[in-house]
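Let's explore this protein together, one question at a time. Take a moment to look around before we begin.

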Amino acid sequence: MNLFVADPDWGWWIILYFYLGGIAAGAYFTATLIDLLGSDEDRELARIGYWIAFPLVCLCGLFLTVDLGRPERFWHMLFKSEVVKAAVAEGWPWSGAGWAQMSHAFLFKYWSPMSVGAWALTLFGLCSFVSFLASLWPGGRLERLFRHGWLGRGLQVVGSLVGFFIAAYTGALLTATNQPLWSDSTWVAALFLASAASTGIALMILIAEWRRVSPAALQRLERADLWALGLELLVFAAFLASLGGDLLAVLESWHGRLFVVGVLVLGLLVPLAVHLRLGVSLRARGAVVAAAFALAGGFLLRYALLTTPPELLAEGPARVARFSPEDGRARGEGTGADPNNRGGEVEPRSKVFDKE
């Protein structure tokens with residue numbers, strides 16, 4: 001665990017982006033699966049998934065823009081500013097020369113996570129927008145073209161892949177840093193991906209219950225949420241196990257305990273217990289209760305995971321010193337320690353040579 005780095009100072013905008021982006025990706029993917037494999041009775045559920053995805057991904061783009069030091073320059077992530085200015089000077093968008101110049105303005109750096117993420121968010125926004133429009137008028141021409149036709153199927157598959165890429169890549173970004181906790185495990189991306197599935201389905205359940213969707217369709221969606229929560233529990237356990245001895249240091253912090261205990265109990269065990277009816281008598285509203293806890297757990301996951309490293313950094317190396325085997329070696333204690341090591345006592349080179 002590296003405690004000699006600077007705090008990235010990520011606040012609420014990034015936390016909300018991680019949270020809502022995961023819900024949008026999970027809802028869109030679930031809606032696509034329903035459209036591709038579900039029955040006619042389940043179509044209303046797919047429509048709900050598309051209604052969720054597009055507004056939330058718009059909020060994600062807004063949050064990222066606001067978080068920039070210069071929000072008005074957000075488009076510089078997608079286009080070369082000097083080429084855009086040249087295209088405008090050529091008369092874009094009212095001239096062919098302007099459009100020809102504008103075609104060279106796209107900025108994509110495959111080696112840059114920021115550039116890849118910006119374009120992935122844009123592409124997911126376009127796919128979710130088309131699916132959103134197609135879901136507004138049941139039986140309409142847009143629905144036949146962009147939901148049930150071959151063009152719509154391809155669009156849904158692309159949107160699902162890009163959406164889940166967004167959900168996972170945010171976790172991969174954390175792993176690629178040198179921040180404590182984030183860089184100590186390779187399971188962050190998988191954990192975000194599993195949480196995206198469970199939270200996306202959970203919000204669909206809440207809206208489906210409010211809209212009085214077919215009980216049989218709602219029951220199938222509840223069963224899918226059960227599987228998603230079970231997968232998330234397994235990934236969460238693997239994440240904790242991958243921390244090794246650093247888990248003790250995490251549990252010493254308040255946000256770390258909120259992450260481990262809060263997510264495990266409120267976000268995973270409680271909704272699983274409700275789904276499985278383990279000692280819970282809320283039969284009629286069980287799906288709603290489980291969905292509410294799953295959404296709360298998904299938020300706690302992002303909030304606590306992003307706020308634990310700053311707390312560890314604020315307290316410094318003293319937070320983990322007593323959990324490190326090097327602590328004993330520094331004092332000449334424990335197995336393998338140098339018996340002549342007395343911490344601050346260093347023998348001059350002349351005495352060492354005399355002993356030889």
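Rings of Phe, Tyr and Trp (its six-membered ring) pair if their centres lie within 6.5 Å. Keep in mind that this is a predicted model.

Q: Which residues form one aromatic cluster with Trp12?
A: Start from a ring pair: Trp12 and Phe299 have their centres 6.1 Å apart, with 10° between the planes. Planes under 30 degrees apart count as stacked, so this pair is stacked. The cluster takes in further rings, and the partners of Trp12 in it are Tyr19, Phe299 and Tyr303.

Q: How many residues apart are Trp12 and Phe299?
A: Trp12 belongs to helix H1 (residues 12-37), while Phe299 belongs to helix H12 (residues 286-315). The pair therefore links distant parts of the chain, and the separation is 287 residues.

Q: Is the pair of Tyr17 and Phe18 stacked, edge-to-face or tilted, and what is the angle between the planes?
A: The ring centres are 5.5 Å apart, which is within the 6.5 Å needed for a pair. Planes under 30 degrees apart would be stacked and those over 60 edge-to-face, with the rest tilted. The pair is therefore tilted, with its planes at 55°.

Q: Which residue lies over the face of Phe192?
A: Here the partner of the ring is a charged side chain, placed 5.0 Å from the ring centre. The residue over the face of Phe192 is Arg302.

Q: Why is Cys58 not bonded to Cys60, and how far apart are the sulfurs?
A: A disulfide is a covalent bond between the sulfur atoms of two cysteines. Two sulfur atoms count as a disulfide within 2.5 Å, and the structure holds zero disulfides. Cys60 has the closest cysteine sulfur to that of Cys58, but it is too far for a bond, at 9.1 Å.

Q: Is Cys127 buried or exposed?
A: Under 20% relative accessible area counts as buried. Cys58, at 40%, is partly exposed. Cys127 has a relative accessible area of 3%, so Cys127 is buried.

Q: How far apart are the end C-alpha atoms of helix H11 (residues 254-276)?
A: H11 has 23 residues, and at 1.5 Å a residue they should span 33 Å. The value in the model agrees with this, at 31 Å.

Q: Where does H11 bend?
A: The axis of H11 turns by about 40° at one of its buried residues. Other buried residues of H11 include Phe259, Val263 and Leu268. The bend is at Gly262.

Q: Which helices do the buried residues of H11 pack against?
A: The protein chain has 15 helices and zero strands. The buried residues of H11 pack against helix H8 (188-210), helix H9 (215-243), helix H10 (246-251) and H12.

Q: Is Asp35 buried or exposed?
A: Asp35 lies in helix H1. Beyond its neighbours within four places in sequence, its contacts include Arg43, Arg147, His148 and Arg153. With a relative accessible area of 1%, Asp35 is buried.

Q: Which peptide bond is cis, with omega near 10°?
A: Look in the loop between helix H3 (81-89) and helix H4 (96-102), where Pro93 lies. The cis bond is the one from Trp92 to Pro93.

Q: What is the phi of Leu181?
A: Leu181 sits in the loop between helix H7 (150-176) and H8. Leu181 is buried, with a relative accessible area of 0%. Its phi is positive in a residue other than glycine, with a value near 75°.

Terms used
Residues are numbered from 1 along each chain as its sequence is written. This is a predicted model: local features need pLDDT of at least 70, side-chain atom pairs count only at pLDDT 80 or more; totals for chains, interfaces and linings use all residues. Side-chain values use heavy atoms; hydrogens and water are left out. Helices (H or I, at least four residues) and strands (E, at least two) are DSSP runs, numbered from the N terminus. A charge sits over a ring if NZ of Lys or CZ of Arg is within 6 Å of the ring centre and within 35 degrees of the ring normal. Buried means under 20% relative accessible area, exposed over 50%, partly exposed in between (1.4 Å probe, protein chains only). The expected span of a helix is 1.5 Å times one less than its number of residues. The bend at a residue is the angle between axes fitted to the seven residues ending there and the seven starting there. Contact means heavy atoms within 4.5 Å.
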